[in-house]
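Open the model in your viewer and keep the selection box ready. We will move from stop to stop.

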Amino acid sequence: MDIKMTPDQLLSQVNQFWSMLDDMAETSPQSYQKFIQRHLEEGKEFTVPAEPHLCLQTKILDPEERLLFINICGWKRVPPPESDGHPVPLIAGKLKDLSEGAGESAIISIAYSPEVLAKADKDPVERDQLIRLAMKYIEQQHKVTLCHSYHITPFSLKGTTQQMRSSLEGIGKKPKKTKGKTDDVSDRSLLEQLRSITVKGEEKEEPKKPIEIMTESKSKPRAGLIEVISSSELSEENLPPPPQYELSVIEDEPGSPQKLILTVRLQGVRSVSSCELNVSKDDLMLEVPGKYRLHLDLPELVNEETVTAKYSKANGALTVTMSVL
């Protein structure tokens with residue numbers, strides 16, 4: 001609840017705040033030290049800027065076809081989900097146009113908790129789900145249709161670090177309430193929080209939730225910074241099935257890998273124009289919208305510039321040849 005206070009009321013509450021801190025320092029110096037140290041650490045962490053993690057390249061198909069770069073960032077302002085069954089919080093910047101060579105393209109920055117990104121780095125499936133979550137958010141919030149396939153670029157950030165941070169922090173300056181949020185420690189006034197602190201030594205455990213140093217007239221610091229989309233929307237059941245495929249590693253006489261050959265059976269696909277293929281140094285994404293989706297982590301690093309693909313109408317097979325670096 002947003003309660004407006006007069007300057008006199010605010011000054012009175014500030015004076016009470018300092019009086020309580022003085023009492024705490026005298027009656028329980030250890031509790032006082034922990035209280036101050038905790039909020040210094042929380043404040044320092046909250047001001048750490050977002051850091052680039054990886055960059056995606058995909059396409060906006062509708063209302064106007066163009067390239068889209070998605071900067072996936074780690075930011076400590078974004079909390080991790082409470083559990084595996086809870087939605088994954090994210091913060092998103094604005095979708096901006098930019099000039100990319102001779103054509104038009106767009107860029108957007110999306111931030112997750114560093115803990116979430118670190119966990120996803122160890123699991124390709126979970127990383128893909130986070131990427132799909134970001135793409136789903138973009139489609140819903142900006143009323144666009146994206147290409148389902150994407151490519152992880154060799155660079156971790158499109159644009160400059162300052163542009164990325166400004167985009168994200170600009171959103172954070174206008175917090176809103178998150179629907180359905182129940183009362184927690186951040187909703188309580190500063191005085192109520194201080195009254196709840198035990199100053200009788202170290203007999204009781206410290207509160208599990210951090211105490212927010214704020215007055216009731218201020219808006220919640222986290223609620224408006226977080227846009228939440230349930231991760232259940234991106235379950236494996238909603239993805240097209242993978243086609244049958246064979247991946248071969250061709251070696252030279254000494255046994256060193258020279259090239260990778262991927263053969264994919266695309267039953268029911270009449271034309272190669274309906275296939276969307278993206279190959280990076282370490283992975284491959286093949287998608288036939290509505291029919292098949294194949295995402296592979298390649299066993300060897302490949303040269304993206306020399307990739308060739310041939311489609312045989314006779315047997316409905318796509319052959320992708322990749323030279324090993």
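This tour goes from a helix to a core and then to salt bridges.

**Before you start.** The model is predicted, so local features need pLDDT of at least 70 and side-chain atom pairs count only at pLDDT 80 or more, while totals for chains, interfaces and linings use all residues. Residues are numbered from 1 along each chain as its sequence is written, and side-chain values use heavy atoms, with hydrogens and water left out.

**Stop 1: helix α4.** Select residues 124-142. Helices (H or I, at least four residues) and strands (E, at least two) are DSSP runs, numbered from the N terminus. How far apart are the end C-alpha atoms of α4? They are 27 Å apart, which agrees with the span expected for 19 residues at 1.5 Å a residue. That expected span is 1.5 Å times one less than the number of residues.

Now add D123. D123 caps the N-terminal end of α4, with a side-chain oxygen 3.0 Å from the backbone nitrogen of V125. Go to K143, just after α4: K143 takes a positive phi of about 55°.

Colour the buried residues next (under 20% relative accessible area; exposed is over 50%, partly exposed in between; 1.4 Å probe, protein chains only). In α4 they include L130, L133, M135 and I138.

**Stop 2: the largest nonpolar core.** A nonpolar core is a set of buried Ala, Val, Leu, Ile, Met, Phe, Trp, Tyr and Cys residues joined through side-chain atoms within 4.5 Å. Select I72, I110, Y112 and I138: of the 28 residues in this core, these touch the most other members. Helix α4 gives the most to this core, with seven residues.

Centre on I72. Among the residues that I72 touches (heavy atoms within 4.5 Å) are L54, L56, L117 and A134. Another core, of 20 residues, lies apart from this one, with V269 and L286 among its members.

**Stop 3: salt bridges.** Side chains of opposite charge can pair when their charged atoms come close. A salt bridge is a side-chain nitrogen of Lys or Arg within 4 Å of a carboxyl oxygen of Asp or Glu. The whole structure has five.

Select E51 and R165. Their closest N and O atoms are 2.8 Å apart. E51 sits in strand β1 and R165 in helix α5, 114 residues apart. E51 is partly exposed, at 40%, but R165 counts as buried, at 19%.

Finish with R293 and D128. Their closest N and O atoms are 2.6 Å apart. R293 lies in strand β13 and D128 in α4, so the pair ties together parts 165 residues apart in sequence. Both are buried. Add R132: D128, R132 and R293 are linked in a network of salt bridges.

Notes: Polar contact = N/O pair within 3.5 Å; in protein donor to acceptor, adjacent residues only side chain to side chain. Lists of a residue's contacts leave out its neighbours within four places in sequence.
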